[in-house]
Structures are given as structure tokens and as C-alpha cells.
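Thank you all for coming; I would like to take a few minutes to walk through one structure from the outside inwards. Please have the picture in view as I talk, and stop me if a name goes by too quickly.

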Amino acid sequence: MTTQSAKPVQPIWCPGCGDFGVLAAVKRAAANLKIPVHDLVLVGGIGCSGSIHNFLEVNGIHALHGRLLAQAVGIKLANPKLTVVAAGGDGDGYAIGMGHFMHAFKKNASVLYIVMNNETYGLTKGQASPTSQVGFEGNVEPPFHSILTALSIPASNFIARTFSGDPKGMTAILEEALTFNRDGRGFAFVEDLSPCVTYNDTYKLWREKTVDVSKLPGYDPTDRKAMFRLFLEQIEAGKMPVGVMHRPAEVSREGLETKLLGDRPGPAATSTDLASNRTRYEELLATVG
Ligand SMILES: Cc1ncc(C[n+]2csc(CCOP(=O)(O)OP(=O)(O)O)c2C)c(N)n1
Ligand code: SF4
Ligand SMILES: [Mg+2]
């Protein structure tokens, strides 16, 4: 695995692609939180969305299809001081990557996962994905809802949904998610509704259908059961809920990296100085009969 700190290049996305909104919001959120460039790692999936790390001045890695979370969690455990963001598409995360997706909530490493959901496989020219509507490109299966899955796994996670048509709202949510990670509180998942203007142009429809959950009666993001019901009721009514869907009531360092390493640095940040390691090595040898 190699990482690179390269100069950003111009996005190769189609003009108007929803992913531009995510790029701008990630940039703004990182700048507002004053995250140094050398402390930020962006792991991109495979798909149009997954090339995002090429367009930002950060340490970046292009992961295998559906395997970006395994790499992001590995990076966090190797050096917990880093701020780690995984970003990819709905095909990458909810089809080939579904196993990793489910386990990421349970593992609860303090990394941010952004899924740019355009309800299609954009890069491979518009086939149906797990979130596609019935009828799209001959799809007969009902769409998968990641937020319901996320809410059904009881772990100390931050869960939210944003819309590329509201970059300001997205920036605020990304700032909260990144702060959650940087405080070591665990996994943060943000699904962004990011229209693919070429194969599934949904801007107008989604602008009409999105509803800010925080404005709904009974909104309480610390109550999973209530939020599950609220989300389900909204999608059954044909709406697309956006906003913070879950934030744990308790503020504690629940991240996997703290459970495994405590306050020790990860292996990537551990000294490889010969003299001190030789002493430790000799001490260990002395314990073997
Ligand atoms: C192992 C493997 N299987 C299939 C592919 C082909 N492939 C490339 S991108 C992609 C799906 C992209 O869709 P999505 O993750 O939703 O990203 P988008 O392009 O919509 O942003 C697929 C199936 C691949 N690159 N690798
Ligand atoms: S094909 Fe769709 S997802 Fe890919 S860059 Fe173009 S608009 Fe964006
Ligand atoms: Mg997609």
C-alpha cells in the first residue's frame, strides 16, 4: 500500500455532478476545523465519487472496490493521530462493500465515511445500484436504505444524511462528524444525496422531496428507536429525510483505536530507534527460558 501527498488536479467529473458539493464541503469543513493537510488522509473508493482524493491537497489513497473502509480503519489503527476520511459511492459501499459497511458500525473506529449516493453506478455508465428506484434501468428490487441499517446497529456512532443541493448544511454536518472522530468518539457515517446529472439527474426531484428531520415533531437524534420510526415514516410518505439521524447522548472516547491502543501511539508512530528497541528486545529475550 502506498500513500501520496500530491498536488490536487482538476476534477474529472461531469459539470454539475453532485460530487462537486461534497468536495467543496470537505474542503471547507477541514479548513474551518484547521486540520493540517499532513494530518488528513482521504481514502477513495472505486467509482466517479472515489476519485475525490485526487482533487484535494491531502494524503490520498485509491482503495480497492468496496474495501476502502478496511484500509481507512487500518490507517487509523496504525496512527490514531491522523484524521481519516473514507469516501466512495453507493455501489462501492452498499454492493461489493456491504460486509465492510455493516462491520464498520460495530468496529467503531474513529473515521468518517462519506457515501455519495446517486442511486446508480456512475462510472460504469448508469446501471442500477442497491439504492436505485424500482423501474430505473429495469430494476425490480426495492431500494436499500443505509440510514435504517446504520440506526439498527447499536454502537456509539454518529449518523447523518446530507444533500449536495445544500452545501452549507453539508459543511456543518461534516464539521460535526469530523469533530466526533477527532475527539475519539467512534465511527461517523454521512450519506450524501449526490445527483448524477448524466445518468440519473435527480436534482429537481430531490430538492422537492428532501425534508430536514430536525424540523419534524418528536425529533431526538439521541433516541435510535424514535429516529428509526421517523425515518421510515418519511420514506414511506415519499420523502427524503436529511440531517443528523443519530448522535450518542454520552460523550466518551468509544473509538476502536482507544480500546486497542489506549494512549499508546500506533505502530506507524512508534519509534524504530535501534538502541531503545535493542534494549527492549534483550529484555524480552531474557524472559524466554
Ligand atoms: C472488483 C471490481 N468489480 C467491478 C468493478 C467495476 N466498477 C467500477 S466502479 C463500479 C461502481 C461504481 O458505482 P458507485 O460506487 O455508485 O460510484 P459512482 O461512480 O456512482 O460514484 C463498478 C461496478 C471494479 N472496478 N472492480
Ligand atoms: S457520470 Fe454521473 S457520477 Fe460520474 S462524474 Fe458524471 S455526473 Fe458525476
Ligand atoms: Mg453511485
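I will begin with the overall form, then go to the strands, two of the helices, the two ligands and finally a few loop residues.

Before anything else, please keep in mind that what you see is a predicted model. The secondary structure of this protein comes to 10 helices and nine strands. Its radius of gyration is 20 Å, close to the 19 Å that the globule rule gives for 289 residues, so the protein is as compact as a globular protein of that length. If we take the principal axes, the C-alpha atoms fill a box of roughly 70 × 40 × 35 Å. Of the 289 residues, 45% count as buried, and if we look at contacts with a separation of 6 or more, 74% of them are between residues 24 or more positions apart.

Let us turn to the strands, starting with β4, which covers residues 83-89 and is mostly covered, with seven of its seven residues buried. Which strands does β4 pair with? On one hand there is β2, residues 40-44, which runs parallel to β4 and is joined to it by five bridges, and in that pairing valine 41 has valine 84 of β4 as its bridge partner. On the other hand there is β5, residues 112-117, which also runs parallel to β4 and is likewise joined to it by five bridges, with alanine 86 partnered by tyrosine 113 in β5.

From β5 we can step on to β7, since these two strands pair in the parallel sense over six bridges, and here valine 115 stands opposite glutamate 191 in β7. Six bridges then join β6 to β7, again in parallel, and alanine 160 stands opposite valine 190 in β7.

How many of the six residues of β7 are buried? The count is six of the six, so β7 is largely enclosed by the rest of the structure. In a regular strand the side chains alternate between the two faces of the sheet. In β7, Ala188, Val190 and Asp192 point one way while Phe189, Glu191 and Leu193 point the other way, and all of them are buried.

Now to two of the helices. Helix α2, residues 68-78, is mostly covered, with eight of its 11 residues buried, and the buried ones include Leu68, Gln71, Val73 and Lys76.

Helix α6 spans residues 167-182, and at 1.5 Å a residue its 16 residues should span 22 Å, which agrees with its end C-alpha atoms being 22 Å apart. Among the buried residues of α6 are Met170, Ile173, Leu174, Leu178 and Phe180. What do the buried residues of α6 pack against? They pack against α1, β4, β5, β6, β7 and β9, so that the strands we have just discussed come back into view here. After α6 comes glycine 184, whose phi is positive, near 70 degrees.

Next, the two ligands. Around ligand 1 there are 18 residues, and the closest are Gly47, Ser49, Gly89, Gly91 and Gly122. The elements that give two or more residues to this shell are β4 and α3, and α3, with three residues, gives the largest share. By class, the shell around ligand 1 has five nonpolar, 11 polar and two charged residues.

Around ligand 2 we find residues including Trp13, Cys14, Cys17, Cys48, Cys196 and Tyr199, and the shell divides into eight nonpolar, three polar and one charged. Gly122 is listed around ligand 2, and it is also one of the closest residues to ligand 1.

Finally, some loop residues. Lysine 34, in the loop between α1 and β2, has a positive phi of about 55 degrees although it is not a glycine, and it is exposed, with 6 other C-beta atoms within 10 Å. Proline 36 lies in the loop between α1 and β2 and counts as exposed, with 8 C-beta neighbours inside 10 Å. Glutamate 137, in the loop between β5 and α5, has a positive phi near 50 degrees, but with 14 C-beta neighbours inside 10 Å it counts as partly exposed.

Note on methods. Residues are numbered from 1 along each chain as its sequence is written. Chains are lettered from A and ligands numbered from 1 in the order in which they are written. This is a predicted model: local features need pLDDT of at least 70, side-chain atom pairs count only at pLDDT 80 or more; totals for chains, interfaces and linings use all residues. A residue is buried if 20 or more other C-beta atoms lie within 10 Å of its own, exposed if 12 or fewer, and partly exposed in between; C-beta atoms are placed from the backbone. Helices (H or I, at least four residues) and strands (E, at least two) are DSSP runs, numbered from the N terminus. Two strands pair if DSSP finds at least two bridges between them. A residue is near a molecule or strand if its C-beta atom, placed from the backbone, lies within 6 Å of it. Ala, Val, Leu, Ile, Met, Phe, Trp, Tyr, Cys and Pro count as nonpolar, Asp, Glu, Lys and Arg as charged, and the others, Gly among them, as polar. The radius of gyration is taken over C-alpha atoms; the globule rule is 2.2 Å times the number of residues to the power 0.38. Two residues are in contact if their C-beta atoms, placed from the backbone, lie within 7 Å. The expected span of a helix is 1.5 Å times one less than its number of residues.
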